[in-house]
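Let's take a walk through this one together. We'll begin with a term you'll need, then look at the cysteines, the overall build and a spot on the surface.

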Amino acid sequence: MTQALHDRAARALELIRQGAPAASAARSAGVPVRAVQACALAAPGDAQGVLESLARLAMEVERRERQLRGAASWPFVLLLAALLSSAVVWSVAMPALRSAPMGGAQVSLVPAVLALGASSLLLVALGLAVLLRVPVPGLTRAWASIDRHAFASCTHLLHAAGVPLTGALRAAASWLPPRGRAAGEGVARALEAGGTEAPTAAAVLEEAALGLLWSAAKSGTAAPMLGALHATTRVTMEREVPRELTRLHTTALLLAGLAVGVSFGTFYLTYIRAVTG
């Protein structure tokens, strides 16, 4: 694995030296695109070693991103199951019960329809929120932890390789979605302007962490602070992603269970009225 990554990184750098765009070189060499782009932007002295480290970081980050995107399918799968089970109850069981000799009882389907509609909308919204990185209080915190780890770690690796802090910040910002990219650029510009206070950039680092990095940059001790942020953001990401998956699965199960429960509850009431009426 290490030798293969070494060879792929060397191939990507060779393609860049020949004039190939970073994204094209990355795809041709089989190296994560964001790693090659960050390396090309920062132009570190030891490009080979830095690119290998960035590639490992990118693979770690992308593995966690795939886990979250995979979890986004769970609400849609449960929605399909809820719709199918409700359809069976309404189109097969309910008509059969109402036509039975003992029955003819009528129970309104309005509560079941409303519950199914509300659950369906919430399940779709939940799945799309995960896919589109829409902040949902108490649910979608893992995306932020992944982005912060990517930003802090990429900055750490580049700055440790001799890249100036502002250049490392800009290259790390290129890893992120548009909102995070703008926030990272803003931090670099503010640092270049010599501001006395750290800007607010929650998309790249928590306020306290950015304040510590800002103070360290002003005192010339950014390198050890970045090393600490690299470690702490990784711990946070490793903690938040499994928790996020559990929260998503639990919430989706509860929403789907509501729809199915009301449908079967309606059937049960129809049955009771048929038997006792």
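A residue is called buried when its relative accessible area is under 20%, exposed when that area is over 50%, and partly exposed in between. Keep in mind that you're looking at a predicted model.

With that in hand, try the cysteines. Cys154 has a relative accessibility of 0%, so the residue counts as buried. Cys39 is buried too, with a relative accessible area of 4%. How many disulfides does the structure hold? The count is 0. Why no bond for Cys39? Its sulfur sits 9.3 Å from the closest cysteine sulfur, the one in Cys154, and that's too far. For comparison, a disulfide calls for two cysteine sulfur atoms within 2.5 Å. Seen from the other side, Cys154 is in no disulfide either, and its nearest cysteine sulfur is that of Cys39.

Now step back to the whole chain. The protein has 11 helices and 0 strands, so the run of elements from the N terminus reads α all the way through. Of its 277 residues, 42% count as buried. Take the contacts between residues at least 6 apart in sequence: 67% of them join residues at least 24 apart.

Last stop, the outside. The accessible surface comes to about 13400 Å², and 65% of that belongs to carbon and sulfur atoms. Look for a nonpolar patch there, formed by Phe76, Leu128, Leu131, Leu132 and Val134, with about 420 Å² of accessible area together. Helix H6 (residues 110-132) gives the largest share, 3 residues. Phe76 belongs to helix H5 (residues 73-98) and, at 30% relative accessibility, counts as partly exposed.

Methods
Residues numbered from 1 in each chain as written. Predicted model: local features only at pLDDT ≥ 70, side-chain atom pairs only at ≥ 80, totals over all residues. Heavy atoms only, no water. Buried < 20%, exposed > 50% of the residue type's maximum accessible area, 1.4 Å probe, protein only. Patch = residues over 30% accessible without salt bridge, like charges linked within 9 Å, V, L, I, M, F, W, Y side chains within 5 Å. Areas by Shrake-Rupley, 256 points an atom, 1.4 Å probe, with all protein chains shown as cover. Salt bridge = Lys/Arg side-chain N within 4 Å of Asp/Glu carboxyl O. Helix = DSSP H or I, 4+ residues; strand = E, 2+ residues; numbered from the N terminus. Contact = heavy atoms within 4.5 Å.
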